[in-house]
Amino acid sequence: TASYLALNTNIAIPAMGSASVTATCVSPPFTSFWWLSTRTHRFATQSKISDGSTTLVVSDDWAHPTIAQFSPANFHAFPSNGITHDCSYVNPTANVIQYGESETTDETCMSIGFFFPAAHPAICYNGSGPF
């Protein structure tokens, strides 16, 4: 088992506005996932992970993101070969909010999972990868 991180840094939420970002990453070939979740900060209104038209995770609470765990009978293999992650935001401030690590002033859009068989962790950055 290894971790899979999909990160989208192309975030620019206008002052007093809303925005969303989407990226699709290639699923590691011949693997299955047993755990999936998301990570955002406080301006997120929703984050989700999809496999083609099938939504696997929807999280409406940035502080307590939804977790999908798959049992051996239904490990998820991403038949579409694409892991799509979407994040939506509302900005009630007078400043543009961009990608960053601060949970109070910045935003992020991550999908996190654990897959197998795996020789090493994988990362997808702004739709490129996995590396």
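**Aromatic pairs, disulfides and an open sheet**

A search of the whole structure turns up 7 aromatic pairs. The structure described here is a predicted model, and two of these pairs are a good place for a newcomer to begin.

The rings of Phe33 and Phe78 have centres 5.1 Å apart and planes at 75°, so this pair is edge-to-face; planes over 60 degrees apart are placed in that class. Phe33 belongs to strand 4, whereas Phe78 sits in the loop between strand 7 and strand 8 (82-90), so the pair ties together parts that are 45 residues apart in sequence. Residues count as buried under 20% relative accessible area. Phe33, at 1% relative accessibility, is therefore buried, and Phe78, at 0%, is buried as well.

A second pair is formed by Trp34 and Phe114. Here the ring centres lie 5.4 Å apart with the planes at 25°, so the arrangement is stacked; the stacked class takes planes under 30 degrees apart. This pair, too, links distant parts of the chain, with Trp34 in strand 4 and Phe114 in strand 10, 80 residues apart. Trp34 has a relative accessibility of 30% and so counts as partly exposed. Phe114 is likewise partly exposed, with a relative accessible area of 27%.

Ring pairs also build a cluster, which links Tyr4, Phe33, Phe78 and Phe115. The buried residues Phe33 and Phe78 thus reappear as members of this cluster.

Strand 4 and strand 10, which hold the rings of Trp34 and Phe114, are also partners in a sheet. Strand 4 (residues 32-39) and strand 10 (residues 109-116) run antiparallel and are joined by 7 bridges. Along this pairing, Arg39 of strand 4 stands opposite Met110 in strand 10.

The wider setting is an open sheet of 5 strands, in the order 7-4-10-1-11 and with mixed pairing. Strand 7 (67-69) and strand 11 (122-125) each have a single partner strand and stand at the edges, so one side of each is left without a neighbour in the sheet. From one strand to the next, the twist averages 15°.

The disulfides offer another view of how the chain is connected. The count comes to 2 disulfides. With bonded cysteines counted along the chain, they follow the pattern 1-4, 2-3.

One disulfide joins Cys25 to Cys124, with an S to S distance of 2.1 Å. The torsion about its S-S bond is about -85°, so this disulfide is left-handed. Cys25 lies in strand 3 (residues 18-26) and Cys124 in strand 11, so the bond ties together parts that are 99 residues apart in sequence. Strand 11 is one of the edge strands of the sheet described above. Cys25 is buried, with a relative accessible area of 1%, and Cys124, at 0% relative accessibility, is buried too.

The other disulfide is formed by Cys87 and Cys109, whose sulfur atoms are 2.0 Å apart. The torsion about the S-S bond is about 80° in this case, so the disulfide is right-handed. Cys87 in strand 8 and Cys109 in strand 10 are 22 residues apart, and the pair links distant parts of the chain. Both Cys87 and Cys109 are buried.

Strand 10 therefore recurs in several of these descriptions: strand 10 is joined to strand 4 by 7 bridges, contains Phe114 of the stacked pair, and carries Cys109 of the right-handed disulfide.

Notes
Residues numbered from 1 in each chain as written. Predicted model: local features only at pLDDT ≥ 70, side-chain atom pairs only at ≥ 80, totals over all residues. Heavy atoms only, no water. Pairing = 2+ DSSP bridges. Helix = DSSP H or I, 4+ residues; strand = E, 2+ residues; numbered from the N terminus. Axes fitted to C-alpha atoms, helices over the stretch in contact; angles between N-to-C directions. Phe/Tyr/Trp six-rings, centres within 6.5 Å; stacked < 30°, edge-to-face > 60°. Buried < 20%, exposed > 50% of the residue type's maximum accessible area, 1.4 Å probe, protein only. Disulfide = S-S within 2.5 Å.
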